[in-house]
Amino acid sequence: MLQCKLNLAEGIKYGVFIQSIVDFLIVAGAIFLFIKLINKIMRKSEVEEVEEAVEENTVLLTEIRDLLRSK
């Protein structure tokens, strides 16, 4: 005959469950901060590229304006 025993001495391991949650939150937080830092660096480089393009366009437009005025 099959006998089903409940081993209540072991019980539910709350400590392991809570530790897994804490570990997950630490890893998730670290990944979140890393991605946020990478996005901030990428956005900063894009802004610098746009500023350089705007400066170049301004110089070119100023030269064109001056050439048209001289005619």
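A polar contact is a pair of N or O atoms within 3.5 Å; within protein, one of the two must be able to donate a hydrogen and the other to accept it. In the predicted model described here, such a contact involves Ser-70, where a polar atom of the side chain lies 2.7 Å from the backbone oxygen of Leu-67. Ser-70 belongs to helix 1. The residue has a relative accessible area of 59% and is therefore classed as exposed, since the cut-off for that class is over 50%.

The overall architecture comprises 1 helix and 0 strands. Helix 1 spans residues 14-70, in a protein of 71 residues. Buried residues account for 0% of the protein, burial being defined as a relative accessible area under 20%. The exposed surface of the protein amounts to about 7400 Å², of which 67% is supplied by carbon and sulfur atoms.

A nonpolar patch on the surface is formed by Tyr-14, Phe-17, Ile-18, Ile-21, Val-22, Phe-24, Leu-25 and Ile-26. Together, these residues present about 870 Å² of accessible area. Phe-17, one of the members of this patch, is placed in helix 1. With a relative accessibility of 53%, Phe-17 counts as exposed, because its value falls in the class over 50%.

Charged residues give rise to two further surface features, one of each sign. The positive patch brings together Lys-36, Lys-40, Arg-43 and Lys-44. Within this group, Arg-43 is located in helix 1 and is exposed, its relative accessible area being 53%. The negative patch consists of Glu-46, Glu-48, Glu-49, Glu-52, Glu-55 and Glu-56. Glu-52, included in that patch, likewise has its place in helix 1. Its relative accessible area of 48% makes Glu-52 partly exposed; the value does not reach the class of exposed residues, because that class requires over 50%. Glu-52 nevertheless qualifies for a patch in terms of accessibility, because the threshold for patch residues is over 30%.

The structure holds 1 salt bridge. This interaction joins the side chains of Arg-65 and Asp-66, with an N to O distance of 3.4 Å. The pair meets the criterion for a salt bridge because the distance lies within 4 Å. Both partners are partly exposed: Arg-65 has a relative accessible area of 41%, and Asp-66 has a relative accessibility of 39%. Although these values are over 30%, neither residue is eligible for a charged patch, because patches are made of residues with no salt bridge.

Definitions and conventions
Residues numbered from 1 in each chain as written. Predicted model: local features only at pLDDT ≥ 70, side-chain atom pairs only at ≥ 80, totals over all residues. Heavy atoms only, no water. Patch = residues over 30% accessible without salt bridge, like charges linked within 9 Å, V, L, I, M, F, W, Y side chains within 5 Å. Areas by Shrake-Rupley, 256 points an atom, 1.4 Å probe, with all protein chains shown as cover. Lys, Arg positive; Asp, Glu negative; His and termini not counted. Charge placed at Lys NZ, Arg CZ, Asp CG, Glu CD. Helix = DSSP H or I, 4+ residues; strand = E, 2+ residues; numbered from the N terminus. Buried < 20%, exposed > 50% of the residue type's maximum accessible area, 1.4 Å probe, protein only.
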